[in-house]
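Hello,

Here is the structure we talked about handing over. My notes follow below it.

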Amino acid sequence: MRLVIGGYAQGKLDYVLEKYHLRENMVWDGHLPADEAGQAGTVVINHLHHWVKRRILEGGCPEEEILSFAGKFSDCIMISDEIGNGIVPVDPAEREYRERMGRILIRLADMAEGVERVICGIGQTIK
Amino acid sequence: MMVLVIGGSGSGKSAYAEKAADSFFKENNVDALSAPRSDMTGSMKKYYLATMQILDEEGRKKVERHRRLRDGKGFVTIEQPTDICRAIDRMETGERTVLLECISNLAANEMFSGEEAVAEKEVVDKIISEIEVLQRGTTHFVVVSNNVFEDGINYEETTMAYIRVMGAVNRELAAMADRVVEVVAGIPIMIKEQE
């Protein structure tokens with residue numbers, strides 16, 4: 001599993017598709033595929049932070065779910081926005097989302113074979 | 001040589017960009033003294049392209065403060081809040097080192113000066129094509145932009161469109177630039193360095 005992070009509108013998906021020679025039909029946008037059936041090759045999860053936010057709102061446990069997913073789909077690239085470099089929000093739900101999202105990225109980064117950070121469309125390998 | 005400098009507010013990106021412009025400028029002068037180029041006519045000048053639109057007293061004070069900070073550093077200031085390529089008409093012939101600060105003001109001015117916001121693609125294409133004119137017309141070109149992409153806030157759509165414009169402009173500038181530097185706590189981190 002590889003993790004690609006970066007700010008909003010930095011060209012993360014284009015970077016991943018180009019670097020790893022993947023097509024857009026391999027991309028899951030804000031969703032995780034339910035099972036491995038029909039999943040040939042690399043699975044790309046784009047906007048992982050949207051999925052996490054939704055699972056928090058739905059009362060799910062994105063922490064466990066994403067780790068078990070990453071365990072099943074080892075040939076996977078997860079793409080997420082960095083959302084923590086701003087003022088801590090007044091809204092408690094928004095604070096919880098940033099905190100849990102940050103912790104999830106830490107655990108995924110720990111598991112990942114490689115972590116890249118994209119800024120201005122350029123990737124830097126940070127792990 | 002074109003350099004893109006990006007950083008958050010208060011990161012020290014302006015100071016770094018000034019130093020970069022200065023080092024190119026000096027390098028140029030030394031080169032010119034030791035081995036004068038036959039094709040070099042005219043002056044060697046360092047220009048500061050200021051993009052802030054002065055709308056009120058607060059803006060005027062800010063611009064004055066910045067001008068004072070640059071005083072004595074040898075920059076010729078050109079105020080160009082929109083249509084940035086026009087600045088080239090106000091430069092002398094010869095070697096030009098240009099510092100453009102900054103893309104966030106320029107993008108806001110280009111996008112929001114009329115009654116309605118200009119479409120994203122139109123703003124991006126205009127800024128990029130005009131910056132290409134500047135790049136071709138200058139010897140050394142340093143562009144400053146902001147990192148406004150990492151706070152995770154869902155602003156209203158106009159602001160999101162503005163942030164996307166900034167993102168697209170930054171990506172294109174980074175592709176054009178010989179060097180891309182992110183400044184964090186005053187420390188320059190090399191993102192791209194062309195051999």
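Does B:Phe112 count as buried, exposed or partly exposed? At 34% relative accessibility, B:Phe112 counts as partly exposed (buried is under 20% relative accessible area, exposed over 50%, partly exposed in between, with a 1.4 Å probe and protein chains only).

This is a predicted model, where local features need pLDDT of at least 70, side-chain atom pairs count only at pLDDT 80 or more, and totals for chains, interfaces and linings use all residues. Residues are numbered from 1 along each chain as its sequence is written, chains are lettered from A and ligands numbered from 1 in the order in which they are written, and side-chain values use heavy atoms, leaving out hydrogens and water.

Aromatic pairs: the search of the whole structure gives 3 over all chains (Phe, Tyr or six-membered Trp ring centres within 6.5 Å; planes under 30 degrees apart are stacked, over 60 edge-to-face, the rest tilted). One of them, B:Tyr48 with B:Phe75, is edge-to-face, at 6.1 Å centre to centre and 80° between the planes. B:Tyr48 is in strand 2 (residues 43–50) of chain B and B:Phe75 in strand 3 (residues 75–79) of chain B, so this pair ties together parts 27 residues apart in sequence (strands are DSSP E runs of at least two residues, helices H or I runs of at least four, numbered from the N terminus). Both B:Tyr48 and B:Phe75 are buried.

B:Phe112 and B:Tyr162 form a tilted pair, 5.9 Å centre to centre with 50° between the planes. B:Tyr162 is buried, at a relative accessible area of 16%.

Regards
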